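Student: I have a model open and want to test the labels put on it. Can we take them one at a time?

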Amino acid sequence: MLLTAGPTHEPIDPVRFIGNHSTGKMGYALAECFAQQGAMVQLVSGPTNQRTHHANIDVIQVTTANEMYKAMQKRAEAADVWVFAAAVADYRPKTVADKKIKKAGDELTITLVKNVDIAAALGKQKKEWQFSVGFALETDNESANARQKLHKKNLDMIVLNSLNDPGAGFAHDTNKITIIEEEATHTFELKPKSEVAQDIVDLIWKRLHG
Ligand code: CTP
């Protein structure tokens with residue numbers, strides 16, 4: 001099992017970065033569930049406070065989207081399942097200042113360039129026996145947008161988190177998800193993230209082992 005988790009940090013200068021509110025909780029909870037079921041897990045993690053000590057989980061720490069992509073590329077071929085739970089920054093500063101940027105005018109413009117879409121890039125090399133799971137965080141047209149991502153990234157399953165559901169999302173310990181597959185949609189109640197992770201792992205396990 002190969003997973004991404006947490007945010008990525010995209011440096012602006014030696015002391016600043018662009019990031020997001022992802023805590024990595026969901027990715028780490030998924031890794032724990034897989035490991036408890038006996039799977040060997042490689043967890044490519046952006047900067048988080050999460051820790052895991054399970055003997056079956058190998059954590060690879062990365063900072064930027066590019067580092068996360070390289071770490072995933074190296075390990076993708078050998079994995080049966082890919083789970084993309086990280087909140088990868090879509091853009092990074094075009095240039096990284098080598099010295100701290102000093103305060104100057106009233107406005108500061110930072111030009112951003114697009115980062116690689118890790119799930120989509122690996123999706124292009126997915127083999128028939130490999131199973132790929134993505135996440136989508138949407139605020140509107142939720143199911144249609146999630147379904148579009150399922151196709152665009154060549155995923156077998158996408159887990160939709162709605163920011164419209166109270167108690168769901170980044171800073172909460174609970175989550176309410178819908179899992180979308182090509183032929184089926186599964187809705188779940190609001191639950192602690194550890195139980196949500198178990199629901200996701202149970203469904204992936206079912207698809208792998210029938
Ligand atoms: N993802 C990724 N690499 C990126 C961006 C996203 O691997 N550069 C993965 C995420 O880990 C998640 C899925 O793609 O599993 C969807 O992420 P999301 O941010 O919802 O989608 P985007 O393609 O970035 O679309 P948008 O932000 O425009 O909604």
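Tutor: Yes. Start with phenylalanine 84: one of its backbone N or O atoms lies 2.7 Å from an oxygen atom of the ligand. Keep in mind that this is a predicted model.

Student: What makes that a polar contact?

Tutor: The cut-off is 3.5 Å between N or O atoms. The phenylalanine 84 pair lies at 2.7 Å, so it counts. Alanine 86 also has a backbone N or O atom 2.7 Å from a ligand oxygen. For alanine 119, a polar backbone atom is 2.9 Å from an oxygen atom of the ligand. Both are within 3.5 Å, so both count. As for cover, the ligand alone exposes 570 Å², and the protein buries 76% of that.

Student: Which pocket does the ligand occupy?

Tutor: The space it takes is the largest pocket. Helix H3 (118-123) and strand E9 (131-138) are the elements that give two or more residues to the shell around the ligand. E9 gives the largest share, four residues.

Student: Which residues are closest, and how many surround the ligand?

Tutor: 14 residues surround the ligand; the closest are Phe84, Ala86, Phe135, Lys149 and Lys153. By class, the shell has nine nonpolar, one polar and four charged residues.

Student: Why is the lysine 153 and aspartate 117 pair called a salt bridge?

Tutor: The limit is 4 Å from side-chain nitrogen to carboxyl oxygen. Their N to O distance is 2.7 Å, so the pair qualifies. Lysine 153 is in the loop between helix H4 (142-152) and strand E10 (157-162). Aspartate 117 is in the loop between strand E8 (112-114) and H3, 36 residues apart from lysine 153. The structure holds six salt bridges.

Conventions: Residues numbered from 1 in each chain as written. Predicted model: local features only at pLDDT ≥ 70, side-chain atom pairs only at ≥ 80, totals over all residues. Heavy atoms only, no water. Near = heavy atom within 4 Å. Polar contact = N/O pair within 3.5 Å; in protein donor to acceptor, adjacent residues only side chain to side chain. Areas by Shrake-Rupley, 256 points an atom, 1.4 Å probe, with all protein chains shown as cover. 1 Å grid on protein atoms, 1.4 Å probe; cavity = no way out; pocket = protein on both sides within 12 Å on 5 of 7 lines; lining within 4 Å. Sits in = over half its atoms within 2 Å of the grid points. Nonpolar A, V, L, I, M, F, W, Y, C, P; charged D, E, K, R; others polar.
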